[in-house]
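Biologist: Please take me through this entry term by term. For each label, I should like to hear which criterion stands behind it.

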Number of protein chains: 2
Amino acid sequence: MTHHTPGHAATPSGQVSRCQGCSLCAHCLPLGLAPDDLEQFDAIIRRPRPLKRGALLVREGDPFTSLYVVRSGSFKQVVADTGYRENVTHFLLPSEVAGLDAVGEALHPTSVVALESSFVCELPFASLEALSDRLPALRGALYRCMSQELHRDQRLHCLLSFATAERRMASFLLGMSERHAARGYSPYGFQLAMSRADIGSFLGLALETVSRLMSRFQRHGLLAVRGREVTLLDLPALEALAEQGETRR
Amino acid sequence: MTHHTPGHAATPSGQVSRCQGCSLCAHCLPLGLAPDDLEQFDAIIRRPRPLKRGALLVREGDPFTSLYVVRSGSFKQVVADTGYRENVTHFLLPSEVAGLDAVGEALHPTSVVALESSFVCELPFASLEALSDRLPALRGALYRCMSQELHRDQRLHCLLSFATAERRMASFLLGMSERHAARGYSPYGFQLAMSRADIGSFLGLALETVSRLMSRFQRHGLLAVRGREVTLLDLPALEALAEQGETRR
DNA sequence: CGACACCTTGAATTACCTCAAGCCGAGTGG
DNA sequence: CCACTCGGCTTGAGGTAATTCAAGGTGTCG
């Protein structure tokens, strides 16, 4: 691993790897920073850190010190619900930020777990704060990140309140598709890094329901699924399901 | 409305009414600001604005310019779901902040509607930004506000994913109780400003279910309810329902 | 006093869950 | 190389919590 930079993947710590060369830069937190500012931003980053599948990036109750940007791989954010049920509240893909729910708090309210071998960039929040003193654009970027997450949470709230299982599932798949597409990958085919149980937990469904819906969607020609490999075959139909998903309530 | 200050309620615009004298100050956004800083904060506030029941404080799609702090009364935050269903995503009580989901965005993603006659303090965000350049504590307060909301959204996510109707309802009532208590009112008795339909929308339940649960709780001696007047009689029992609420899934 | 919005309660339906069994694929070790 | 195991996935059958539909009650305001 002391060879040369392995393409788009993150480099192990010790290697130089700058934001400027990162393929995610266009979607990442410092989006919109001027080149000079980006340089400064770059300077405060603790270089990519590797995590194996199942490893905890953040444990609920840990003191808050840093934000983390997913560089490669993926994570789930989980809350240990009252009464020993773990509940998945978010999935994080490359360029997405973990720890925002702890900004300005002392402790992390949620855990973040790697779903596969992954790398993260660590942003010590104190440095980030200090830097944002001088870079209003950075402050704006932080605000934008947080409010976007608030916004997404609200849409999720709607989904969980009112949508049938079918609609939730369709929305989830489309959401994944969009997020992959935004990063330059195909919106049609992708790997789900998380288990059916994780998806169920996230969507408020039993894992059996998730499985059944996948099968049903496949039977109806909306997608092809084999294990965690998904290929969306009929986006418009999925969108129709997700958008209005028939009347209910 | 040009008479004198009506007790603890907000004063109509035109009247002087400072943060320093506001009974909510202890829980409000500028919490923790030094007296001198509070003075400056005070200076950027547009003085309380009255809204009648049903009035829109913010309409979905409005350009974002300001945050609003509820001074008296209450609001619901609603999303016009895809397909013409309105979905309540939050209720706002005095000292709580509306508009955080639009910070750093161009447009408001949600509407905010008065549930009763209410007053709000308007905080032009540009001024807030400018001021927070000089007052790190203010920036911290903003961060804290946003991350707290993120945190609350996650707990809500858990509730909506996994909880029975009974548990949701108990949690909701306890949450209201807490928020009232935090403002110095009784945690036992309060008025619900919102309709059963609003509660149902918020909790992902049919309004009939909300009604039935209220009745059931009353029958079991957990509370007394008459219209929108609620008196919690057995907090521990409600907490038991809310906490573990029996196994499910 | 009638109109209207909101709330309550009942009866029937249903979407989703639970329980249970079997399958598949990957890793392990004989 | 095969048998074994183990976690994750699929599928079926049956049960149930919460919904929908429907009717009637209550309070409020013009």
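**The interface of the two chains**

Modeller: Between chain B and chain A the count is four salt bridges. This is a predicted model, in which local features need pLDDT of at least 70 and side-chain atom pairs count only at pLDDT 80 or more, while totals for chains, interfaces and linings use all residues; side-chain values use heavy atoms, without hydrogens and water. Residues are numbered from 1 along each chain as its sequence is written, with chains lettered from A and ligands numbered from 1 in the order of writing.

Biologist: Why is the pair Glu129(A) and Arg139(B) called a salt bridge?

Modeller: The term requires a side-chain nitrogen of Lys or Arg within 4 Å of a carboxyl oxygen of Asp or Glu. The side chains of Glu129(A) and Arg139(B) meet at 3.3 Å, N to O, so the pair satisfies the rule.

Biologist: What makes up the contact of chain B and chain A?

Modeller: Contact means heavy atoms within 4.5 Å, and it takes 50 residues from chain B and 51 residues from chain A. The buried area, that is, the accessible area (1.4 Å probe) that two parts lose on being put together, summed over both, is about 4400 Å², and carbon and sulfur atoms give 54% of it.

Biologist: How many residue pairs are in polar contact across the interface of chain B and chain A?

Modeller: There are twelve such pairs, both residues at pLDDT 80 or more. The rule asks for N or O atoms within 3.5 Å; within protein, one must be able to donate a hydrogen and the other to accept it, and residues adjacent in sequence count only if both atoms are side-chain atoms. On the side of chain B that touches chain A, S4, S5, helix H2 (125-134), helix H3 (136-162) and helix H5 (196-203) of chain B each give two or more residues. H3(B) gives the most, with 19 residues. Helices (H or I, at least four residues) and strands (E, at least two) are DSSP runs, numbered from the N terminus.

**Sheets and strands**

Biologist: What makes strand S2 (56-58) and strand S5 (86-92) of chain B stand at the edges?

Modeller: The open sheet of four strands runs S2-S7-S4-S5 (chain B), with antiparallel pairing. Each of S2 and S5 of chain B has a single partner strand, so one side of each lacks a neighbour in the sheet.

Biologist: How do you know that strand S4 (residues 75-80) of chain B pairs with S5(B)?

Modeller: Pairing needs at least two bridges found by DSSP; six join S4(B) to S5(B), so the criterion is met. Within this antiparallel pair, Lys76(B) stands opposite Phe91(B).

Biologist: Which strands form the open sheet of three in chain A?

Modeller: The order is S9-S11-S10 (chain A), with antiparallel pairing. Strand S9 (189-191) and strand S10 (223-226) of chain A are the edge strands, each pairing on one side only. Four bridges join S10(A) to strand S11 (residues 229-232) of chain A, and Val225(A) stands opposite Val230(A) in S11(A).
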